[in-house]
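Trainee: I have a new model open and don't know where to start. Can we go through how the chains sit together?

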Number of protein chains: 2
Amino acid sequence: MTRSLSIGLLGLGNVGSALVRLLEERGAEIERLHGVRLSVVRAAVRDVGRSRGLGLAAGVVVADARAVVRDPAVQVVVELVGGVDPSGTLVADALELGKPVVTANKLLLAERGEALFALAAQKGVALRFEGAVCGGMPIVRLLREALASDSVVSLHGILNGTTNYILTRMTEEAGSAGRRAEAEGRSIRSTEGLALAPALKEAQAKGYAEADPSLDLGGGDAAQKLCLLARLAFGARVRPADILTEGIERLTPADLAAARELNSVVKLLAVARLTRGRLDLRVHPAMIPRQSPLAAVSGPFNAVEIQSDSLGSTLLSGQGAGGTCTATAVVADLIDVGRPGGGALDFVPGRDIPAVPRAEIESSYYLRFTVDDAPGVLAAITASLGRRGISIAALHQRDRQQEGKDPVAVVILTHRAQEGGVQQAVAEIDAFPTTRGRTQLIRFEG
Amino acid sequence: MTRSLSIGLLGLGNVGSALVRLLEERGAEIERLHGVRLSVVRAAVRDVGRSRGLGLAAGVVVADARAVVRDPAVQVVVELVGGVDPSGTLVADALELGKPVVTANKLLLAERGEALFALAAQKGVALRFEGAVCGGMPIVRLLREALASDSVVSLHGILNGTTNYILTRMTEEAGSAGRRAEAEGRSIRSTEGLALAPALKEAQAKGYAEADPSLDLGGGDAAQKLCLLARLAFGARVRPADILTEGIERLTPADLAAARELNSVVKLLAVARLTRGRLDLRVHPAMIPRQSPLAAVSGPFNAVEIQSDSLGSTLLSGQGAGGTCTATAVVADLIDVGRPGGGALDFVPGRDIPAVPRAEIESSYYLRFTVDDAPGVLAAITASLGRRGISIAALHQRDRQQEGKDPVAVVILTHRAQEGGVQQAVAEIDAFPTTRGRTQLIRFEG
């Protein structure tokens, strides 16, 4: 009963190498359990000369990716090159030739997925991508298959392991500093806790962050993943540029300490919610209640919480993508491609769902103003908010030392308000001569 | 491109009715998204006369289940009758006829799954059962597909929503009572908190527990589910009788209060763990650390935490099975059956993996002895443990009132020990003339 599937592998980096090793280690067991023999018959890399110690037979590794795609011996193409070009062309070529493709390339799918999925359906072959979104947990399968009979209402995710590790560490240190301050009967100082830069260094030392972490820190990586999830959950045609994206770069220990006092934690949250036929899509730091399931997702882990009509709440969590996790997801896809039916799926063109205009997003807000400690400053801030109908739930002034010398932090929590008014007020306040730094804004969610 | 799949439905109870309603409500959307038209063309029920207000066409509902299976118009059989007989025969008949089957019958699969899966494979048709194990979360798909390329090491689950609701309520009340006692500067009394009987009544009033809750409370329901999970995770051929199964019937508010003091919560935990080629399978109340992800799974929710070689830890949680959840899982399976390839899977015969002998299970233990408050009693208890090499991590005496009058509770926490020795010691101590009630034993896990 054993079928065999000959793989043409594009890219032998972190994930590609892990894939080759995984097949070496578990290939026999996969064949026994799933009746399919998976073997890499061609692998394309930029630098053929570099030995990789992967035990691939002589002649398997070549430089010409297009030749791998076209090689008649190759039955399925695994694309692990990344980027949009030439990956997009290579994937399209494979599909044109009637070869199924497994990819872990979220950017490619976020940018060109629509055309590629249509082509795959037209050719009747599979285009699988579990490894493209949080390789450590099977969120693609969950949305595509398990929720096939259900209707998703909203989705909240922690989609980036690097930032979740950094925020977990900053939260831990804010907790220690807060407990220390409580024990000493004083308020926490803005100098206590862990700042972003050393937390990032820690993450880099542990291999959780890349040398250039900007795509992670800025929320771009999470936004790419959210595109794919929104496509699966709502059939929505979305590109990263459509998503309100804010990163964690401006978070300070003071924000984490404030979250702790509000019985919340700060997460880089990806939100997709369908409300009255409009789609609310965003990636930004958010304060979420400490008791919520996502608050417990710590370190380099990812998680998605889905609300759907029939099932209510479903939560999936797992390791953020590392080479081995992503390779495991790729192999799971290959096993599906090797099943009778070949893993091909129907294609329904994506819909353009109108977005909730940014100004109409509703939330409650944490606002931290950095202002002169002078008479009238507070009155001007509260008046600016009040003119836009934003009502204040709480107000604290922090770091007051010697009157009139250093700037002070004024923290305001608002009741539920519309983003437009809040942004206007913040812009107005930031232009006050008494404002000494850009205002920090963090939304509450859940 | 639309395919159509004509369903013969066996059973129109809670799940069957929910299935018919789900197809009415979402059938068109499922057809649009997945290219398959699902329609119930025959439904077998015991009492045809009873109107169900389900809008099934005249003549669809009949009394003869075998006729439904054999009806040439029926392309797929959905078995929602429950029990082993006649369901087993009906499922086998359908498979013999080359018709795929979707079932939510965990008992049938736990008892006769091996033969039925072999038959399905021989006939090349699908036998799907996502609804049989925790319908509210796609754990079958997760284990079968997402982890197809990985190797599972262990699995910890909260598999029964009824008991989890009860334990959540008892934990909440133990928390309130504990905080009250702390505020008043005294220890908690054994009469405080919520006992099992009223917690069960609450669960019944909310529809979370059946009139006869013995299969839930006794752990039997969780053990049936664990059989199926162990089959998926380890390929192990297991029947419910092979699983060490203890229920929550003997838990008291004092145990929940003790858990709180130990920074733990009590859960009815299902454990499957492969250690050195042997399988440790059990369902019993366990104390787990308050910070562990499973501790946060509250109310009628289910969850499974899986440790695997490549992915590390994966957690899935969702609502415990209700009619709608299970029907949603059944429809997801039907959509798979309707895909090209028909959802048929390879079959690998289950393995008989030797069990870890009960006496060799290792854990640390919470032991609550009910004894006379007399000189020498404590010494005899600790000596009995000591003779078996069980070392004591902590010891508390509770409820001491007037010396010598009422029995007192002695709570002992052990270091890691083997089950055999602990059970021997407990049996010996329970036979002491100074022992006034059966000793309570709760294992620590995680």
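**How the two chains meet**

Mentor: This is a predicted model. A rotation of 180 degrees, with 0.0 Å of shift along its axis, superposes chain A on chain B (RMSD 0.0 Å). That is the relation of a two-fold axis.

Trainee: Which residue of chain A comes closest to the rotation axis?

Mentor: Gly341(A), whose C-alpha lies at 1.9 Å from the axis.

Trainee: OK, the contact now. How many residues does it take from each chain?

Mentor: Chain A gives 47 residues and chain B gives 47 residues. About 3,900 Å² is buried between the two chains, and carbon and sulfur atoms give 54% of that.

Trainee: Which three residues supply more than any other three of the area that chain A buries?

Mentor: Ser149(A), Leu311(A) and Asp346(A), with 16% of the area chain A buries against chain B.

Trainee: How many salt bridges across the interface?

Mentor: The rule finds two. In a salt bridge between Arg141(A) and Glu145(B), the N to O distance is 3.7 Å. There are also 12 residue pairs in polar contact across the interface.

Trainee: Which element gives the largest share of chain A's side?

Mentor: E12(A), with eight residues. By residue class, the side of chain A that touches chain B divides into 20 nonpolar, 16 polar and 11 charged.

Trainee: Back to that strand. What does E12(A) join in chain B, and do they run parallel or antiparallel?

Mentor: Three bridges join E12(A) to strand E12 of chain B, residues 312–319, and the two run antiparallel. Leu315(A) stands opposite Ser317(B) there.

Terms used. Residues numbered from 1 in each chain as written. Chains lettered and ligands numbered in written order. Predicted model: local features only at pLDDT ≥ 70, side-chain atom pairs only at ≥ 80, totals over all residues. Heavy atoms only, no water. Least-squares fit on C-alpha atoms with pLDDT ≥ 70 in both. Contact = heavy atoms within 4.5 Å. Buried area = accessible area lost by both parts, 1.4 Å probe. Salt bridge = Lys/Arg side-chain N within 4 Å of Asp/Glu carboxyl O. Polar contact = N/O pair within 3.5 Å; in protein donor to acceptor, adjacent residues only side chain to side chain. Helix = DSSP H or I, 4+ residues; strand = E, 2+ residues; numbered from the N terminus. Nonpolar A, V, L, I, M, F, W, Y, C, P; charged D, E, K, R; others polar. Pairing = 2+ DSSP bridges.
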